[in-house]
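Open the model in your viewer and keep the selection tool at hand. The stops below say what to select next and what is there.

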Amino acid sequence: MDSLPTLDDVYRKFGEASEAAQLLETELGTLLFGEQAIAEDLLGGDGKRATEIMMAINRQTLGTLIKNAKGNSQSIEQIATLLDLALRERNRLSHSFYRQHNFRRNSGEGRALMMQDLETIHDVILEAYKQLMLLHGTDLDALAQGPFTLPTAHVRII
């Protein structure tokens, strides 16, 4: 029989789900930055303008990043529904997860329900991230199978 999760287990899983949300947000920002830098012909050019673009993108919420990516990138439309679901799950995680679960944290059975919910949230957000990466040529599932080498032509702007 599996043991019931501890509060530390719940906190750890919450952190993992939050990390996945930040990875998704960073990748969307990278996408938008790259597209805008190309549109403004900044590659190898105006570093000041590139910095302005990056700072503006960094101030955007995940919802705004998704909205802007949908407006600027045709490939995003393929996963738009998944991105919207990931946004809802991330918002629920950040803004109401503990309020929704309230006193469940005080019992093993309650923490087990919290862990199931966190697994669902994490899975949705991570799948959106993986699909976004796949659209741009990086198959995270294949990389996880190891050993791998990064293609020399693949440059990431972070």
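Start with the buried residues of H2, which are Ala50, Ile53 and Ile57; buried means under 20% relative accessible area, exposed over 50%, and partly exposed in between, with a 1.4 Å probe and protein chains only. These residues cover an arc of only 60 degrees around the axis, which puts them on the same side of H2. The arc is that of the directions from the helix axis to the C-beta atoms.

Before moving on, note that this is a predicted model, in which local features need pLDDT of at least 70 and side-chain atom pairs count only at pLDDT 80 or more, while totals for chains, interfaces and linings use all residues. Residues are numbered from 1 along each chain as its sequence is written, and side-chain values use heavy atoms, with hydrogens and water left out.

**Helix H2**

Select residues 47-58 to show the whole of H2, a helix of twelve residues. Helices are DSSP runs of H or I with at least four residues, numbered from the N terminus. From first to last C-alpha H2 reaches 16 Å, close to the 16 Å expected at 1.5 Å a residue; the expected span is 1.5 Å times one less than the number of residues.

Add H1 (7-39) and H3 (62-72), the helices against which the buried residues of H2 pack. Contact here means heavy atoms within 4.5 Å. Then turn to the face of H2 that points away from its buried side: the exposed residues Lys48 and Asn58 are there.

Still in H2, select Glu52 and Arg49, whose side chains meet in a salt bridge (3.4 Å, N to O). A salt bridge is a side-chain nitrogen of Lys or Arg within 4 Å of a carboxyl oxygen of Asp or Glu. The two residues are three apart in H2, about one turn of the helix. Glu52 is partly exposed at 37% relative accessible area, and Arg49 is partly exposed at 26%.

**H3 against H4**

Next, show H3 and H4 together. Their axes come within 10 Å and cross at roughly 170 degrees. Axes are lines fitted to C-alpha atoms, for helices over the stretch in contact, and angles run from 0 to 180 degrees between N-to-C directions. H3 and H4 are therefore roughly antiparallel to each other, a label for angles over 145 degrees. For the interface, select Leu62, Gly63, Ile66 and Lys70 in H3, which meet Ala80, Leu83, Asp84, Leu87 and Arg90 in H4.

H4 covers residues 80-95, and Glu89 and Arg92 are three residues apart in it, about one helical turn. Their side chains meet in a salt bridge (2.9 Å, N to O). Glu89 is buried, with a relative accessible area of 13%.

**Leu118 and its surroundings**

Go to Leu118 in helix H6 (residues 108-135). Which residues does Leu118 touch, not counting those up to four places away in sequence? They are Val10, Lys13, Phe14, Leu93 and Phe97. Leu118 is buried, at a relative accessible area of 0%.

From that list, keep Lys13 and add Glu16: their side chains meet in a salt bridge (3.1 Å, N to O). Both lie in H1, three residues apart. Lys13 counts as buried at 7% relative accessibility, whereas Glu16 is partly exposed at 28%. Extend the selection to Asp9, Arg12 and Glu119, which are linked with Lys13 and Glu16 in a network of salt bridges. The whole structure holds ten salt bridges.

Methods: Angles under 35 degrees count as roughly parallel, over 145 as roughly antiparallel, 65 to 115 as roughly perpendicular and the rest as oblique.
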